[in-house]
Structure formats: structure tokens, C-alpha cells
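Me: I'm new to this one and would like to learn how to read it. Can we go through it feature by feature?

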Amino acid sequence: MAAPIPAQLSGHGLSMPLSSSPASSSEPTSGSHDGLYTGLAVVRPIRRTQLPETCMAPYNNAPACDSCRKIPTQALISAAGHRLHTIGAAKLAAANHCGLCELIVHQLDDPHDDAHDHDMIVMRVANANGTPYCQDILVVESEGQTRYSRLFTEFGIYTDEEDAASEIIPGRRMAQCPDPASSILLARAWIDASKERTGDDFDLPKALPRRLIDVGYRESPTVYLRDLSEAPRSDDQQIGRYVCLSHRWDTTSCECTTTINNIDARKNDIELCSLPLTFQDAIKITRAFGLQYIWIDTLCIIQGSELDWAEESSKMGSYYGSSWLTIGAGVHSAQGLFDQRRFDIEYRKVDLREPGNSRLYFTDRPVNQIIGNEQSSILRTRAWTFQEEVLSPRYLGFQGSQMYYRCGEYVDFESGCKEWLYPPVGSDRTEGEAPLYQDLIVEEDWVSSIVVDYSSRELSYESDRLPAISGIAHERQRLRGGRYLAGLWEEDLPRALCWSKEYAKGQCLKPHEYRAPSWSWAAIDGTIAPTQITVSEVEASVEHVSTDLKGHDPMGAVLGGLLVIRGVLRRGLVCTEQQRSSYNHAGSIAKYDFRLVDSNEDADDDIIYTFVPDTSDYPANHAALWFFNITAQVGLALFLVSSSHPQYSKNTFTRVGLIRIDRFDIIARSAAVLPDEKFRTTITIV
């Protein structure tokens, strides 16, 4: 169980010491070096409490050769870097068990490296993510090479808070047993620094949710549920500051829900010890920050009440968007936010002679490449938590390995790494790893920026596919305007119809109950992939589109929808015996060859299209399909609806997949046909 938070940190009158905040939040002092920032003005990391050695991650003592012992730390942060010794000397030192030279020489096993023993090793602290801070990355190159990626790799470089090198090196050795009090102090320092950087007044009161948990006074063993709708309130009682908790529902959290049967009792008191440990820790953090309220969906929405859920779930986006802070619990409910960490990191300690007999810790990769993948957090598997993170202006994330804080596009990690989510150079993060942030909402490409990530996540109830993203849709409409239709924006049609399941992993199936029209990505479970199309390429034209809402939320669930569209429609056959192999070996979608029939365009036998079904259980015996071109290269695979379909009418179809042309010579021939009005027809897709 997590250690208790000291009384001096948990009262409403809390006054936390300010950290040494960054001198500047933005600009590097020198240009990039092969995609790396070097020679940066060192921004000293925010001070944190040095924990006892028993709380820190363990390390191995690495004997150091004389050259490594003499590394001047200050030179590592210069643009020129530090010239260590030759590769030949490093091999000899590694044979004599120099820990740092062993790390370097190990990278020479790459057969693609053309290093020579006489090459000089140059070391510098650099930044591969374009963040305008010095990071925890040590790049090792050989002198004369122009591309660092051809030689060696990036190492992690760290020190301890009280070491003399901490004024120069931003990376910090991680705590294996985090201390709640020091973690809260660090989080508060991050918040204060971000307030100074942005100039925003974080303390402006916002509209309060209908129900909140009143955390009470410090050290109180109870909290209680407060329903602000039950008593008349003056204007100043309707606004305030509060914290939100974003968490994954599990067996433990489901045992403490608010229901019709217990809501009245909870308005009197809730024993703090009766709540999951993660909830308790979030409440203690709220108290430590001097706030009175926290919003937790499990406790503040009446579970089992369809009416209350429909009303409150449609407001969840605004609740997170107006919060003073969102705590993201990337751990299980029973685990707590300050549980002992489990990560596989080998720190190698090297003692240096300067400054002041410092000690540095090296890892074979930067720590954030080992444990900093937010995608591994259990929150990143759940659909509802996507909008909870995106909409939150400030987000304090707790992973199983470290804590981080995101304000706007800037992120501070407990490891000492800083990240800028709008880097001036390409990030080396893979898709889905970086913390989410609000600017994604207004990105031009809705499908790529929002839907791709969201569609990969899981839901406990398949009917939540549209409601769980409605908060983001509301906010985008507020900022950009537009008409929202079952997960797509009218302004993006018909381009946005060209989503596919080609790279989906896991089963992609239709839900048991109707959820969305077939032309919407929300109709099918599983990850989608966008197809990049420019407006000038579009040949089809939308004549009408509409949906029937299930409730009062215009961004929520739908009962039906139809799309009337004009373009070229042609018949074809799926060659089910010629199943295409895919490099996506973990995927569940098989690709098939497809040929047009009754078309002069397809007179040659070698003209083959690619058909990507929308579902994993596509019936192979359904060979006849209709191909409706959106562009000369890409179109929709359609079935004619049967007369028993509730939306049956003439020329009415349902989407079953995507068809594309992979050969450029065929694309040109197809493009010549599409503008001809005699080939065009108007159809309805439901």
C-alpha cells in the first residue's frame, strides 16, 4: 500500500515551494544536427526530492577506463561534443571491462556499420524528438561520419538529484518505490512551471459538473457525494475548480459504483477506505493541491440508470475539458498510483572525476524508449479514456513505470525527459506512443488524427462506439463548425468514406445491434486506416446525407442513416480462390483479387483490383460486388440490399469493403471513364 501523504501536503491551505522553473520554454540555441538538436541551452530540470537509495532503481557498478573517468560533463552538452578516444581504444578498454566502452563496442556488432579502429568516438547529449530542451539521450558517433544513425545508437544518460552533474544533465535515475509526498511536490512544480510558461490563469473557475465528490478536510476518513442540482445555487456556486480522474473500469472499481440504492447514503458520507486504492490516491492528490472536488464517473454517474447515463455521458467531454487537472490512472484500480514500479532497466553507474566526483548512469537505450511508451498503459486500450485525455487541458499521467505531466503540447517526464508534441523536426516516436493533446481536435484530417487511434480501442458495450467520442465531436464543432454525421463530418465527404480495415488486428465484426450506417467507420468493430485523397481527385459527389438520432445528443448514437451519392457504378466479381497475402501478418482481414465484368475497360485479363472487406468474417461465397468509384483509384465495395431490408428502395446498397487499383496505368484509364455522364448514376447507401 502507498505511504500516507504527510499532513503538511494534504490541507486546503497548502503552500508548496515553487521549483526552479525553466528559463525558456521554447528555442534551442543551435540548429539541428542530422535531425538532432545539439548544443542546447541547458534548462535545468525541476528540482525534486532525492529519495533514499532503498527507493531508487538499482544499478550495477561499471568499472571505467581512464578516458571515461575523465569525461567532462560540460563538454557533453556542447555542439562539438566530447572526443573520447578511438574505436580501437574502446575495444581494448571494453576487453578490460570498462562498462561504458562495453556499451559502445556492443553497437559495433551491426554489420552495416563501416567503422574503423582509428575513427574517433564523439559523444554529445542531443535530442532526437525536436523538443527544445536537452533530453536524456547520449548520441555516440565516429568522427568523419555525417549520419549518426549509421554508427552506434542512442544511450540513456542520467544522474541523481543531489549530484553535482544534476546542474548539467537533465536525466534522472528513476524511483522504484515512489514516495507520494515527493511525487505530488514534483507534479505541483510542473503545473506551476507550465502556468509561467503559458501565461494562462489555470485558477479561473469553470462550470461545475452536476455531481462531484467533496474530498472534505485534510486527513478526513470520509468523503461525500455532492449533487449541485438539488439546491438553488447562486452564480458563484455553479463555478469552481475540480479534478477529474480518468481510469479503466475493472472488477474492483465496479464494486464501488453509485446506484439508485446507495446514492442517498453517499450524500452523507463515503468511507475513504471503502474505495479502490487508486481512487484514494486521486482524492489525496486533490486535497494536496488545495481543491475541494474530484469527479469520478464511477461515483458521480448513477450506474444502472439509462436516463442519468444518457444525460451525464453526453456531458463528459465538457467535464474533462473544464477540469483544473485530469489524473490519468494507467494502473489497475486496486494497485494505487504510487505502487512499486516494475521495469526492466539496467543502469550502469560510471564515476567521473568532474564535476565534483560525479556519477552518471548509462542505459543501452533512453529510459523513455524502454518504459515511456504511453501506448502500453492500460488507459490506451480503452475507448472512453481517449476523449478524457484529449480534452483535458492539463493531464497528470501515472503509468506503471513513471509519472508524466502534459500541458498543451509540452510534456514533462519523471525520468527528466521533456517532449514537445509539435516538434520542428520529425519525432522518432511511433504512431500511438506520444501523449495525446487538445490540438488534435482541430487537425484538418479528422479520420487520421482522431478516428484511427480511437477505433483501435475497446468498449465494454458495443453501443458506446459513437457516444464515447461525442465530447471530441462537440468541441471540434465549437471550434470549427460543421455538420457531424455518425462519426464523420459532412465537409470531409466523400473523401472520408474511403476508410479501410486493411491493417486491423483482432476481429472486425458487425455489432449484434445496429450502431451506424454501413458507410460510417462506426458500423464495424476494429481499427481503421485512412486512404489519403486530395479534393482534386474526387470524382463522386454527395447529393444528400442524413442520420436519425437515438437520443438528444447530436453527436451521439444513431438509429439510422443514408447517403445519396452520384458517380460511376460498375459490377464485378471477387476472385475468392486468389486470396492475397498481406504483410500485416497479425491482421484479421484477408484481401482478395477483384475483376470488373461487362466493361470495355476490363477487356484485358491482367487488370486486377484489390478488394479489402470491412469484416473478418466476409462470406467467400458472395462473389458478386458493385464497385462505386470515389476517385479513379479508390472506391466502395457494395451489395444491393434485399427487399426485406428496412431501408430497401431501388438502387440502395450497403457497404462491405473498399476496392482500389494498384497499377498506375489502369488508374489513368479508369480516370478517363469517370467524368463521362453516361456512366454515372445516383445511388443510396445505408
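**Reading the model step by step**

Reply: Sure. Let's start with a pair of helices, keeping in mind that this is a predicted model. In H3, Ala90, Lys91, Ala93 and Ala94 touch Cys101, Glu102 and Val105 of H4.

Me: What kinds of residues make up the contact of H3 with H4 by class?

Reply: Sorting by class gives 5 nonpolar residues, 2 charged ones and no polar ones in the contact of H3 with H4.

Me: And at roughly what angle do the axes of H3 and H4 cross?

Reply: Helix H3 covers residues 87-95 and helix H4 covers residues 99-106; their axes come within 8 Å and cross at roughly 120°. That angle is why H3 counts as oblique to H4. As for handedness, the crossing of H3 and H4 is left-handed.

Me: Which residues of H13 and H15 meet?

Reply: On the H13 side you'll find Phe386, Gln387, Val390 and Leu391, and they meet Ser470, Gly471, Ile472 and Glu475 in H15. By class, that contact of H13 with H15 has 4 nonpolar, 3 polar and 1 charged residues. The axes of H13 (residues 384-391) and H15 (residues 470-480) come within 8 Å, crossing at roughly 35°.

Me: How do I read burial for a single residue? Take proline 170: is it buried or exposed?

Reply: Look at the relative accessible area: under 20% means buried. Proline 170 has a value of 2%, so it is buried. You'll find proline 170 in the loop between strand S7 (154-158) and helix H5 (180-198).

Me: How far apart are proline 170 and cysteine 417 in sequence and in space?

Reply: Compare the two distances: proline 170 and cysteine 417 are 247 residues apart in sequence, yet their C-alpha atoms are 7.2 Å apart in space.

Me: Where is glutamate 154 found?

Reply: Glutamate 154 is found in strand S7. With a relative accessible area of 8%, glutamate 154 is buried. Valine 139 is 15 residues from glutamate 154 in sequence and 4.8 Å from it in space, C-alpha to C-alpha.

Me: Now the whole protein: how many helices and strands does the secondary structure come to?

Reply: The count is 16 helices and 31 strands. Of the 686 residues in the protein, 56% are buried. Among contacts with a separation of 6 or more, 71% are between residues 24 or more positions apart.

Me: What about the surface the protein exposes?

Reply: The protein exposes about 28,300 Å², and carbon and sulfur atoms supply 49% of that area.

How values were computed. Residues are numbered from 1 along each chain as its sequence is written. This is a predicted model: local features need pLDDT of at least 70, side-chain atom pairs count only at pLDDT 80 or more; totals for chains, interfaces and linings use all residues. Side-chain values use heavy atoms; hydrogens and water are left out. Axes are lines fitted to C-alpha atoms, for helices over the stretch in contact, and angles run from 0 to 180 degrees between N-to-C directions. Helices (H or I, at least four residues) and strands (E, at least two) are DSSP runs, numbered from the N terminus. Angles under 35 degrees count as roughly parallel, over 145 as roughly antiparallel, 65 to 115 as roughly perpendicular and the rest as oblique. A crossing is left-handed if the near helix is turned anticlockwise from the far one by less than a right angle, and right-handed if clockwise. Contact means heavy atoms within 4.5 Å. Ala, Val, Leu, Ile, Met, Phe, Trp, Tyr, Cys and Pro count as nonpolar, Asp, Glu, Lys and Arg as charged, and the others, Gly among them, as polar. Buried means under 20% relative accessible area, exposed over 50%, partly exposed in between (1.4 Å probe, protein chains only). Accessible areas come from the Shrake-Rupley method with a 1.4 Å probe; for residues, only the protein chains shown count as cover.
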